[in-house]
Amino acid sequence: ELLDSGFKALSEDEDQAGSLLRKYLTLELLQEYKEVFTSSPVEASLLDCVQSGFEHHDSSCGVYAADPESYDVYNKLFDPIIRDYHGQLDNEKEQLQPDTDFGNLDDIENLDPEKKYIQSTRIRIARNIEGFPYFPKLTEKQFIDVEDKVRAAVESFDGELAGAYFSMKDISSETQAEMVKRHILFKKGDEYLQDAGCYRFWPIGRGIFHNPAETFLIWVNEEDHLRIISMAKCGDLGDVYSRLVKALQELEKNLTFGRHPRYGNLTACPTNLGTTLRASVHIRLPLLGRDSDRLKTLAKELNLQIRGTGGEHTAIEDG
């Protein structure tokens, strides 16, 4: 039994005390959820949600939701993991994530108007289309259906958002590699996602929409159904953020995205749910970049997360 053997191996691995899956999946919960499945036709199991965490004990989270219902069906596992990761253990409110409020867009300024420090700014949000499971349980047809829905939705874009959609299966391997190098296209290869089932039927149903300036992108079926990205090679956070909000509001005219009354916008990985927003700036710090321990200490003090040059789980290149 994969659940039993996986649980035993993880619980006995004393070196991985930081795993939230290890922290909150008790033997009692394992027995309670072993024969529990989400509704038909998806019928996701606990193993669908924890298989990556069982394989990779160093995963800080260790779980992925196989479908929106997983968050409720396996709530005794997901809820403490979500509250712990997002710093909400002391939050007793029923609604952990407030209703959507993008704030006053005019209040956000250019962080580096003289372009001295920031090489690029990037903000992304994730969305999943209501009525579909997540990558662990998407069928081949559903991967294609999600792609078709996004392709149709972006046809109405105009102005700076207007662009073209490219299906991954139609992009040559050479062009894909070049686009990945420019940080506008995703690729497979993340071992945590691999063992969670993210790359099933690859490259079917995957693709990218982008405008000619490459300041606005949508990744389709990379991890979530949509990764909506606004970026610029400068520090103008206000401009980047405004473009992102505008694009999301346009998409919502044609697509209905899944949202949970307690957790907000839903994502496959519980570390991303809520606002789903992640903002980053690429700052070249060659001296600090050579001292990884000091860099990590400073980031922790400032409540920041470090990403490699190519994103999460990649190396820092040239500072």
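**Helix packing, sheet order and backbone features in the predicted model**

In helix α4, the residues Leu46, Leu47, Asp48, Cys49, Val50, Ser52, Gly53 and Phe54 are buried, and the helix as a whole is mostly covered, with eight of its 10 residues buried. These values refer to a predicted model. The cover over the buried residues of α4 includes α1, α2, α3, α5, α6 and α9 (191-196).

For one of these neighbours, α1, the packing geometry can be described in detail. Helix α1 (residues 2-11) and helix α4 (residues 46-55) pack with their axes 10 Å apart and at an angle of about 35°, and the crossing of the two helices is left-handed. On the side of α1 the contact is made by Leu2, Leu3, Gly6, Phe7 and Leu10, and on the side of α4 by Leu46, Leu47, Val50, Gly53 and Phe54. Sorted by class, this contact comprises eight nonpolar and two polar residues, with no charged residues. The general background to such spacing is that an α-helix has 3.6 residues a turn, so residues three or four places apart point the same way.

Helix α6 (residues 75-85) is likewise mostly covered, eight of its 11 residues being buried; the buried residues are Leu77, Phe78, Asp79, Pro80, Ile81, Ile82, Arg83 and Asp84. Their cover includes α2 (20-24), α3 (27-33), α4 and α5 (70-73). After α6 comes Gly87, which has a positive phi near 70°. An unreviewed UniProt entry places the feature "domain: Phosphagen kinase N-terminal" at residues 1-87, a span that is 54% helix and 0% strand, and whose end C-alpha atoms lie 34 Å apart.

Two residues of the loop between α3 and α4 deserve separate mention. Ser45 lies in this loop and is buried, with a relative accessible area of 14%; apart from its neighbours within four places in sequence, Ser45 is in contact with Val36, Phe37 and Tyr74. Pro41 also has its place in the loop between α3 and α4, and the peptide bond that leads from Ser40 to Pro41 is cis, with omega near 10°. A cis peptide bond is also found from Trp202 to Pro203, with omega near 0°, where Pro203 belongs to the loop between α9 and β3.

The strands considered here form an open sheet of six, in the order β2-β3-β4-β5-β1-β8 and with antiparallel pairing. The edges are occupied by β2 (164-167) and β8 (278-283), each of which has a single partner strand, so that one side of each is left without a neighbour in the sheet. From one strand to the next the twist averages 20°. The partner of β2 is strand β3 (residues 207-210), and the two pair in the antiparallel sense over four bridges, with Ser167 standing opposite Gly207 in β3.

Two asparagines carry backbone angles of note, given that most residues other than glycine have a negative phi. Asn221, although not a glycine, has a positive phi of about 60°; this residue lies in the loop between β4 (216-220) and β5 (226-232), and at 3% relative accessibility Asn221 counts as buried. Asn303, again not a glycine, has a positive phi of about 60° and lies in the segment after α12 (292-301). Asn303, however, is exposed, with a relative accessible area of 73%.

Note on methods. Residues numbered from 1 in each chain as written. Predicted model: local features only at pLDDT ≥ 70, side-chain atom pairs only at ≥ 80, totals over all residues. Heavy atoms only, no water. UniProt positions renumbered as here; feature names shortened; annotations may be inferred. Axes fitted to C-alpha atoms, helices over the stretch in contact; angles between N-to-C directions. Left-handed = near helix turned anticlockwise from the far one by under 90°. Contact = heavy atoms within 4.5 Å. Nonpolar A, V, L, I, M, F, W, Y, C, P; charged D, E, K, R; others polar. Pairing = 2+ DSSP bridges. Buried < 20%, exposed > 50% of the residue type's maximum accessible area, 1.4 Å probe, protein only.
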